[in-house]
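Visitor: I should like to learn how to read the features of a model such as this one. Could we proceed feature by feature?

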Amino acid sequence: MENNQQLVSANDVNATITPEMLEASANLKKLTAAINLSPEYIELVKQGESFRGIFWGFTEITVNDQVTGEQRTIAAAAFLVDKAIRINAGVALVGECKKSGINKGTPVEVTFKEKKGNLKIYSLTLLA
């Protein structure tokens, strides 16, 4: 090949396999798990409960509408907590994260402050 960067093209997955990838694939048994990339839901139940994490950005989850029973997509905030991606789709928390303008990679503490009706109110604290 011309520049030896592309060894095989795998069109069905829209990816290029490089010599480095082939070498890495032969050594997978030597590696240890670093992070679970399948998000898990994190919920704070009691007032005053909190967690610390790295803000990971926004994603979407599919939920069943409690009124209509139909599925709908809602925004969720994602955090890296103890080597796992954790998400929370609370309207107030997602709103706080958006309003604050925090960047991906920012360390924060999320605290469940109070409940107003069905709405959980959270505080978002920047960690330094």
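Visitor: In which strand is leucine 124 found?

Guide: Leucine 124 is found in strand 8. Helices (H or I, at least four residues) and strands (E, at least two) are DSSP runs, numbered from the N terminus. The model is predicted: local features need pLDDT of at least 70, side-chain atom pairs count only at pLDDT 80 or more, and totals for chains, interfaces and linings use all residues. Residues are numbered from 1 along each chain as its sequence is written, and side-chain values use heavy atoms, with hydrogens and water left out.

Visitor: What does leucine 124 touch?

Guide: A contact means heavy atoms within 4.5 Å. Not counting residues up to four places away in sequence, leucine 124 touches Glu96, Cys97, Ser100, Ile102, Val108, Glu109 and Val110. Glutamate 109 is 15 residues from leucine 124 in sequence, and their C-alpha atoms are 5.8 Å apart.

Visitor: How many helices and strands does the chain have?

Guide: The chain has 2 helices and 8 strands, and along the sequence they follow the pattern β-β-α-β-β-β-β-α-β-β.

Visitor: How should the sheet be read, and what is the order of its strands?

Guide: Two strands pair if DSSP finds at least two bridges between them. Here an open sheet of 6 strands has the order 3-6-5-4-7-8, with mixed pairing. Its edge strands, strand 3 (36-41) and strand 8, each pair on one side only. From one strand to the next the twist averages 35°; axes are lines fitted to C-alpha atoms, for helices over the stretch in contact, and angles run from 0 to 180 degrees between N-to-C directions.

Visitor: Which strand runs parallel to strand 3?

Guide: Strand 6 runs parallel to strand 3, joined by 3 bridges. In this pairing, glutamate 40 has arginine 86 of strand 6 as its bridge partner. Strand 5 and strand 6 run antiparallel and are joined by 5 bridges; alanine 77 stands opposite asparagine 88 in strand 6.

Visitor: What stands opposite isoleucine 54 in strand 5, and what in strand 7?

Guide: Leucine 80 stands opposite isoleucine 54 in strand 5, and proline 107 does so in strand 7. Strand 4 and strand 5 pair in the antiparallel sense over 10 bridges, while 5 bridges join strand 4 to strand 7, also antiparallel. Strand 7 and strand 8 are antiparallel too, with 8 bridges, among them the pairing of glutamate 109 with threonine 125.

Visitor: Where do the hairpins show a positive phi?

Guide: The hairpin of strand 4 and strand 5 has 6 residues between the strands, and glycine 69 in the turn has a positive phi of about 80°. Between strand 5 and strand 6 there are 2 residues, and aspartate 82 takes a positive phi near 50° in that hairpin. In the hairpin of strand 7 and strand 8, with 2 residues between the strands, glycine 117 takes a positive phi near 65°.

Visitor: Which residues of helix 2 are buried?

Guide: Buried means under 20% relative accessible area, exposed over 50%, and partly exposed in between (1.4 Å probe, protein chains only). An α-helix has 3.6 residues a turn, so residues three or four places apart point the same way. In helix 2 the buried residues are Ala92, Leu93, Val94 and Cys97. What covers them includes strand 4, strand 5, strand 6 (84-88), strand 7 and strand 8 (119-126). Helix 2 runs at about 35° to strand 8, and just after the helix, glycine 101 takes a positive phi of about 70°.

Visitor: Which residues have the most contacts inside the largest nonpolar core?

Guide: A nonpolar core is a set of buried Ala, Val, Leu, Ile, Met, Phe, Trp, Tyr and Cys residues joined through side-chain atoms within 4.5 Å. The largest has 15 residues, and Phe51, Phe79 and Val110 have the most contacts inside it. Strand 4 (50-64), strand 5 (71-81), helix 2 (91-100) and strand 7 (107-116) each give two or more residues to this core. A second, separate core of 6 residues includes Ile61, Ala76, Ala78 and Ile85.

Visitor: How much of the chain counts as buried?

Guide: Of the 128 residues of the chain, 27% count as buried.
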